[in-house]
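These are my notebook entries on a structure that I had not looked at before. I wrote down each thing as I looked it up, so that another newcomer can follow along.

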Amino acid sequence: KQTGRNKLVTYQPTSLKHRFANQIQMETDLRKAITHNQLLLYYQPRLELSTDRIICLEALVRWNHPQFGMIPPTDFISLAEESGLILPLGEWVLREACLQKARWLAEDKLDYQIAVNISPCQFQDEAFADKAIQIIEQTGINPAYLEFEITESSIMQNMEKTVAVLEKLCAKGISISIDDFGIGYSSLNYLKEFPIHCLKIDRSFVKNIQSNSNDWAITHAIIHLGHALNIQVVAEGVEEIGQLDILKETTCTTIQGFLLSPPISAQEIELTFHEKTYI
Ligand code: C2E
Ligand code: CA
Ligand code: CA
Ligand code: CA
């Protein structure tokens, strides 16, 4: 409140942070959370509109704190990044996503790709690609089941290094998507240089697609850019049927959002998304 109407700040966990004695305490607790089984993954389905089938599940981390209950990632990812804990946390997330995929494969159900969010801090780490490949190989799943969601800021920092990392991951069969597409760096040059499989249109454009002609125009342009480059395009944050109707008219191919499902536990995914078609 003290900072006025800064939109970024409204998402800061002031109430949560007050529950921890201080930042050090929160960091200590988060370090413990990674090794003491307090983290868990929720999954949000991605629907392919032409087939009405789920094609992918995005893994989204949660922290089940022994005193404070379920803490959303917006409340601890930036602390993890500042403290360096994002590296072990990110490894935990990737390993758990692979293990869950392996469980589903063993039970012969839910034949979907899994998308894992990669923080720019992880992506900048020299050892990132090798470590990621090692984790996947340890779990025994085919890397082609995985997609890494990275942001534009991740890839724009060192173009040469980025190409090498992305090519290494692609050679293993891992797909790459650009998360929050449109709100980051405005250069489109990388789209022709890098092996990219998917653009995720940021929720902020989709939100007012029905009422704001600029948001509609940008969404429309990204969808057609995707078609022209033969890249999958996902509209994020689809909450209403009206948004879905416009996205279909705009020839959008895939969606994610509360309209279909919020992120839910693996058990809930199994109960809800074992059917063939959804909308
Ligand atoms: P993101 O990658 O853009 O993930 C999408 C966020 O939008 C999720 O929030 C999801 O719950 C929310 N969302 C999905 N559909 C809708 C909708 O229809 N309406 C609205 N209002 N929201 C929707 P969540 O799970 O709280 O995650 C927030 C952010 O935290 C993520 O944004 C991502 O940047 C980060 N994050 C989450 N898990 C991880 C992780 O394992 N590693 C890293 N590095 N970052 C993560
Ligand atoms: Ca994401
Ligand atoms: Ca996103
Ligand atoms: Ca986002």
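**Entry 1: the strand S1 and its partners**

I began with Tyr42, which stands opposite Ser265 in S10. The model I am reading is a predicted one, and I kept that in mind throughout. The pairing that holds this contact is between S1 and strand S10 (residues 264-265), which run in the antiparallel sense over two bridges.

I then looked for other partners of S1 and found strand S9 (residues 254-255), again paired with S1 in the antiparallel sense over two bridges. Here I noted that Glu48 stands opposite Thr254 in S9.

With S2, strand S1 pairs in the antiparallel sense over 10 bridges, and in this pairing Gln44 stands opposite Glu58 in S2. The two strands form a hairpin with four residues between them, and within the hairpin I marked Asp52, which takes a positive phi near 60°.

Is S1 enclosed by the rest of the structure or open to the outside? Eight of the 10 residues of strand S1 (residues 39-48) are buried, so I wrote the strand down as largely enclosed by the rest of the structure.

**Entry 2: the calcium ion (ligand 2)**

Glu58, which I had met opposite Gln44, turned up again when I asked which residues hold the calcium ion (ligand 2). The protein donors of this ion are Glu58 (OE), Asn117 (OD1), Glu149 (OE) and Asp179 (OD), and they lie 2.1 to 2.3 Å from it. Along the sequence I wrote the spacing of these donor residues as E-x58-N-x31-E-x29-D.

Because Glu58 lies in strand S2 and Glu149 in strand S5 (residues 146-151), the pair ties together parts that are 91 residues apart in sequence. I also checked the burial of these two, and both Glu58 and Glu149 are buried.

**Entry 3: the calcium ion (ligand 3)**

Next I looked up the calcium ion (ligand 3), whose protein donors are Asp179 (OD), Asp180 (OD), Glu236 (OE) and Glu236 (OE), at 2.3 to 2.4 Å from the ion. Glu236 is thus entered twice in that list of donors. The donor residues of this ion are spaced D-D-x55-E in sequence.

The pair of Asp179 and Glu236 links distant parts of the chain, 57 residues apart: Asp179 is in strand S6 (residues 175-181), while Glu236 is in the loop between strand S8 (232-235) and helix H13 (241-249). Both of these residues, Asp179 and Glu236, are buried.

Which residue do the two calcium ions share? I found that Asp179 coordinates both the calcium ion (ligand 2) and the calcium ion (ligand 3), and that the two ions are 3.9 Å apart.

**Entry 4: the largest pocket**

I turned to open space and recorded a volume of about 2100 Å³ for the largest pocket. Of the 47 residues that line this pocket, the closest to its centre are Thr74, Asp179, Asp180, Asp202 and Arg203, and I recognised Asp179 and Asp180 from the donors of the calcium ion (ligand 3).

Strand S2 (residues 53-65) gives the largest share of the lining of the largest pocket, with five residues. Sorted by class, the lining of this pocket has 17 nonpolar, 16 polar and 14 charged residues.

**Entry 5: the cavity**

I also searched for enclosed space and found one cavity of 30 Å³ or more, and the volume of the largest cavity is about 100 Å³. Its lining residues include Leu87, Glu91, Gln122, Phe128 and Ile135. Helix H5 (86-106) and helix H7 (128-139) each supply at least two residues of the lining of the largest cavity. By class, I entered five nonpolar, two polar and three charged residues for that lining.

**Entry 6: the cysteines**

How many disulfides are there? The count comes to zero, with a pair of sulfur atoms required to be within 2.5 Å. The sulfur of Cys56 is 7.9 Å from the closest cysteine sulfur, in Cys198, which is too far for a bond. For Cys252 the closest cysteine sulfur is again in Cys198, at 9.9 Å, and this too is too far for a bond.

I closed by checking burial: Cys56 is buried, with a relative accessible area of 1%, and Cys252 is buried as well, with a relative accessible area of 6%.

Terms used: Residues numbered from 1 in each chain as written. Chains lettered and ligands numbered in written order. Predicted model: local features only at pLDDT ≥ 70, side-chain atom pairs only at ≥ 80, totals over all residues. Heavy atoms only, no water. Donors = N, O, S within 2.8 Å, 3.2 Å for Na, K, Ca; no water. Buried < 20%, exposed > 50% of the residue type's maximum accessible area, 1.4 Å probe, protein only. 1 Å grid on protein atoms, 1.4 Å probe; cavity = no way out; pocket = protein on both sides within 12 Å on 5 of 7 lines; lining within 4 Å. Points joined across faces, edges and corners; volume = space filled by probe spheres on them. Nonpolar A, V, L, I, M, F, W, Y, C, P; charged D, E, K, R; others polar. Pairing = 2+ DSSP bridges.
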